[in-house]
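Got your viewer open and a hand on the selection tool? Let's take a walk through this one, stop by stop.

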Amino acid sequence: MRKMRRERPKELVSTRKSVWYYPEQDGIVSPEHDDRNVFFESLQSHMFIEDVDVQVIPYVRLSEKEPFRVELVPPSEEVESLVAGALKSRDRGWREELASSLADFVRECTQSVITAGEAIYEIVYFSSLKDEKPVMFQLELIRPFTLKCRRGKYYQEIPEKVAERLGISQSIDLPQESILIFRLPPELRKSVELTLRTLVVLSKKIMPEFALNFAEAASKFHYDSSDQLYFQKLALAHAGRALGWNARSLLTEDMLEFYTLKRQLLFERFKIVVRNSIVETLNDGLKLAGRRMGFEGRVCLHGLPTLSDVEKAEYELESGNKAFGDVLKPFLSK
Amino acid sequence: VSGGGHLAPRIREFVLTVLRWGHSPLQRRYELGFYTQFWQLRNRWYRSKFWLNKRLYGVLRGAQTTAESTSILFSLGRTVAGQLIAAGLLVGILAFFDRRFPVVTILTEWLAQHWKPAHALGSLLPQKGLDSSITATTLSTLAQISGLFLGLYFTAISVVAGQNYAKVSTEILDALVREKVGNLYIRVVAFFGATSLILLGCATFGYNTGYSNLVLVMTLGIASVFSFVELGRRAFYFFDAAKLVRFLANEILQAARAATDAGFLWLDGAFQDHYRKQADNDVRIYEDVILLSDQENRLEGRSLLTLALQFLVLLEVYSEQKKRIPTKSLWFERVYRHRAWLTTEESRVNLAIGTGTGLDPEYVPDGLWFEKRIGNLLTRVLKGLTKRADIARAITVCNRLQDTLGVLGKEFAVEEALELFQRLKSFAHEMATETRIEDSSAFDKGHQLAASLGVADVCGMGFIAILLGFANRLEDLSVERFSRLVDAVDFRRPRTLYRGGLPRKVVEQLEYLAKGTEFEYRVEGHQVSPLWYCRQIAALGMVRFFAETCDSLLRELENTYAVAAESLSTAKRYAFAAQIVQRGLEACNKFHFRIERFDRWFKEFSSLRLVSDIPWTEFDAKRAHERIEAVRGRLLSVLATSVAGTVALPTSDEIPDYLGQTYVMLAEECSRSMVTGDESAFAKFFSAFFGVSIAVQERLRMKLEGRDVKTVLVYMTEPIEDLLGISGYALIYSELDKKNFWDVAKNSWEQYLSRLPDTGTVIRFLIGTISYRRSLFAILPRDLKRTAWTQDLMNRLRQRGLSGDLFDSWSHGRRGGKLTHPSALIRVLARQSFLGANPADIFVALYLMTRPEASGVEASRSVKDFAERMKREEAKSHLEDEEDET
């Protein structure tokens, strides 16, 4: 069912307080940003992030299988349209559909959560000039590492040059009830952090400089390229061990099929946990918005693999009573 | 939400590195690889380890050599011990008597007392203890003796070696020098000489060395004297290099054993390579010895035989050892293999394109290097024996080779066995093509042919030996046993991979699993892949091995028998072709039988396949049967097309009765082709059978010369009975199945009779022969076979509802309805519980008796009875037709 996208009328007033800016424009260096941005720029960690955000939820209308279903509880066409419009994301495909909007939002949020460790949104309400009653809302991403918290109060820190250029204050107070913070579940945070940091190192260190001249490295330093390559694969496998990431098919040659699949299921589990966590936080956000706007609703996903599916698949894999392809089938989007 | 404050980048980096390295030792090892010092230190560590291992290996080798020498010493000791003990006893007894009953002293004293001139004798008697000057003289003499023996031994060796090995390669000379018994003898004599000299020195300085040393040195002296007798005999071995190099086999096996899981540092590439080089060097000496024998005809046939037997034992023991050597071990010689452009990995292809060069070849292990080398040696031995016209020994080698093939098959070394079998095959083929029986005298002709045929036969049996060896071993390997063997493997302990005695394909799979589980151990700290998965992967290797082996054996069946028999027949080597056919048919028979068991085995083994999308191999038993049947057909075709040549073969008790074999098999095939409705096969076999039936009579006449007339008549008329019987069946099966068998048979008869100058006589003879045979109240020679054909026909009639059993026959009042078969002949036959008419009688009644030349000829009662019944049946049928029309 396609619904028309709810356009924001020009006469509506926004409650948005946070600002989006690009510090590069003013030549500002943010160590925190650079520290995390390296995850996105390094080959292996980028592949990992990409694998998670691409696979965390299927692309609506691209999957050959019956697409997953998003249900709003309690059902309401009006609220569904409101929520679909609120989920603002970079991907603009079928925004008017809740499933499509939600999928885009989950993907974008996942990417931020994995890369920056958290994704912070401001719930922005729009109301008419007449009665100030909010008629719609949107989740606006706050630039990472700019939100600070002091004595339980949130504020956005703006660099001096940016504040000058934009003509705003260096510190913008943000109401606590309009802030929505998406984070990884605590049990995953350390693993993801460690995985990303190790992958960055593995992306940087591909081959020792002295080994560029193979013949010389072998004769002078007794460098053994195949040994080094083997340990690179081992290190890569170890880095992805906790989350089950198989570095795409880089390790296939050295790993037994069973082990590859076992890790694959672990990765599926990780993606499901991430997805569930994001949806749960989003529902908290809807609760906040609903309280202000007077609606009630939470989104529920149907038709996607669950943790019990993973457990079942793990059991089937261990017992060997199902073909490997069939074990993985529920997790393949195509 | 981020907080404030940053660590200084370098400290932060250091802390992160420590954390990372602490968390993952694999990451630490990988990152250490970026420092040149790591590689240098690592290299130093490896070199130190290698140096230590090398020393340790030297010590172990030394200990091994000492053990060997001790063993030889004991062996020599055993040889001389008897004589030594006898000499010691003699000296002891004399000494005892000398002390207790000093006969010489008493006698001398008595003589001195009673006979004055003998008084001087008393002075010869020992007056006091050990005299140092006498001791010195004795020791000096003993030292001279040792020098003398050394000189004598080296002179003998130099004379023999100078005469025989003046121009031989250094490898052979090296082997001669390494002759172990001689070496040990030299060491003992040298030790004896040295001990004597030391004692002599002591005596010179006035030091009394005592009785014990004197006894020791004298014992050594005596041992040297007696050992020299054995050594002198062994010196003649130098005339025969084959005897001298016997120890090489042991050395080769030691080297092979060292490369197995039982060896020292068997996983170390440097040591693996060393072991291969050792074996390679020893094989080279063997090669040189045989080359020497080829060039100068130096080795006797017996020596060559000894060498060949050594090679075969080597191969047998090695086949067992080989399974315990890792697949990638440097024990296996590396050979160049050119890469294929379309299957090589892209990076390599791009590099080749970028640099404008070709694909660099890869080094791959040649798992058969040793078998090939020994196989070459065997070929040369066989050729050497043939060159010396020593066919009897060549056959002995071939016979023994056949046993070896069986052993290899049993060790799952089918590829190796087939490699070796090619040698036997080409040798047998050469013998077959080179044996010119036309050039020899009658006796020689049979003898020589028999010998060459013996080789061909052994060759034929060689394949069967491989097949049976493989099949028996396979049957021993049940699914449960295989599972137990795989379960017993501990992938962390490489030795356990090679202890199951499983085929190479399985070992490769286990090695693959070991590599994969090693990865799991390193990353996860434990093995992740479960037991069932390991079993399935190992079982995949087993079924692959099985399917590939079956395919190789089927291909070899085609080449060894069908192709060889056809080429021999084309080359007009009919006896050899017939011999190959005989063994080929046996092989087909055995293969058919085994395929059924293979199929059962394969299905049982498939129970290890739990996950269906891991690749598996299929075994098509039906297709295998078809391939075997095709070979069988080709062999029988060779038999059919070689009839003229087979007839012309000399007759001798030393040569198998190929003509008889051809006759019996073609008769069987004619019957079989009619039963299976194969018209083309019948057309092919019947004309050949017709020809051979006539020829075989003449052979029988010669064979039975001198026997009583009745016996001769019975045997000589057997082929006629068979020929007429088969012709009768042609009539029956043509009527039964609407086939053209009778057209073929009739055509052959028409052609045959038209060529005869007096057809009437022959027809009368044939009818008379049948009449005579019917008059005999006895079970005749091939009656059982003919009865089997008849029973088969009756069963078929019953299966089609045309005939009942004994109590359901027309003669007993058939309970069924009217016989509806359109053929009167079939109706007549079906009315009887048993066929009721002999097929030969049917042929006589329906063909021979209808010919004009048979008018007035009196047929047998059974023929007449059958003709009468046919007449009645036809009349009845005519009447029924008329009634139906009315």
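What follows is a tour of two chains, A and then B, with something to select at each stop.

**Before you click: a predicted model**

Keep in mind as you go that this is a predicted model.

**Stop 1: all of chain A**

Select chain A and show it as a cartoon. You should be able to pick out 11 helices and 9 strands. If you trace just the C-alpha atoms, they fill a box of roughly 80 × 55 × 35 Å along the principal axes. Now switch on a surface for chain A: its accessible area is about 16500 Å², and 52% of that belongs to carbon and sulfur atoms. Of the 334 residues in chain A, 53% count as buried.

Want to colour by charge? Chain A carries 49 positive and 51 negative charges, and the mean positions of the two sets lie 3 Å apart. As for contacts, take those in chain A between residues at least 6 apart in sequence: 68% of them join residues at least 24 apart.

**Stop 2: the three-stranded sheet in chain A**

Next, select strands E5, E6 and E7 of chain A. These 3 strands make an open sheet in the order E5-E6-E7, with antiparallel pairing. Which strands stand at the edges of this sheet? They are E5 (147-150) and E7 (171-174) of chain A; each has a single partner strand, so one side of each is left without a neighbour in the sheet. Rotate the view a little and look at the twist: neighbouring strands here are turned by 35° against each other on average, ignoring direction.

Zoom in on the E5 side. E5(A) and E6(A) are joined in the antiparallel sense by 4 bridges. One pair to label is Arg150(A) with its bridge partner in E6(A), Lys153(A). The hairpin made by E5(A) and E6(A) has 2 residues between the strands, and in it Arg151(A) takes a positive phi near 50°.

Then slide across to the other side. Strand E6 (residues 153-157) of chain A runs antiparallel to E7(A), with 4 bridges between them. Label Tyr154(A) here: its bridge partner in E7(A) is Leu174(A).

**Stop 3: a cis peptide bond in chain A**

Now go back along chain A and select Val73(A) and Pro74(A). Is the peptide bond between them cis or trans? From Val73(A) to Pro74(A) it is cis, with omega near -5°. That's worth a look, because most peptide bonds are trans. Pro74(A) sits in the loop that links strand E2 (69-73) to helix H3 (77-86) of chain A.

**Stop 4: all of chain B**

Hide chain A and bring up chain B. In the cartoon, look for 32 helices and 2 strands. Chain B has 886 residues, and 49% of them are buried. With the surface on, chain B exposes about 44000 Å², with carbon and sulfur atoms supplying 58%. Among the contacts in chain B with a separation of 6 or more, 77% are between residues 24 or more positions apart.

**Stop 5: two positive phi values in chain B**

Time for a pair of loops. As background, most residues other than glycine have a negative phi.

Select Ala389(B), in the loop between helix H14 (369-387) and helix H15 (391-410) of chain B. Ala389(B) isn't a glycine, yet its phi is positive, at about 60°. Buried or exposed, then? Ala389(B) is exposed, at 61% relative accessible area.

Move on to Phe412(B), in the loop between H15 and helix H16 (414-434) of chain B. Here too you'll find a positive phi, near 65°, in a residue other than glycine. Phe412(B) has a relative accessible area of 5%. The cut-off for buried is under 20%, so Phe412(B) counts as buried.

**Stop 6: helices H24 and H25 of chain B**

Select helix H24 (residues 658-675) of chain B and find Ser671(B) in it. Ser671(B) is buried, with 9% relative accessible area. What does Ser671(B) touch, leaving out residues up to four places away in sequence? Show Ile726(B) and Trp789(B), and you have its contacts.

Last selection: helix H25 (residues 679-703) of chain B, which holds Met702(B). Met702(B) counts as partly exposed, at 39% relative accessibility. Draw a distance from its C-alpha atom to that of Thr651(B): the two are 51 residues apart along the chain, and the separation comes to 9.6 Å.

Terms used. Residues are numbered from 1 along each chain as its sequence is written. Chains are lettered from A and ligands numbered from 1 in the order in which they are written. This is a predicted model: local features need pLDDT of at least 70, side-chain atom pairs count only at pLDDT 80 or more; totals for chains, interfaces and linings use all residues. Side-chain values use heavy atoms; hydrogens and water are left out. Two strands pair if DSSP finds at least two bridges between them. Axes are lines fitted to C-alpha atoms, for helices over the stretch in contact, and angles run from 0 to 180 degrees between N-to-C directions. Buried means under 20% relative accessible area, exposed over 50%, partly exposed in between (1.4 Å probe, protein chains only). Contact means heavy atoms within 4.5 Å. Accessible areas come from the Shrake-Rupley method with a 1.4 Å probe; for residues, only the protein chains shown count as cover. Lys and Arg count as positive and Asp and Glu as negative; His and the chain ends are not counted. The place of a charge is taken as NZ of Lys, CZ of Arg, CG of Asp or CD of Glu.
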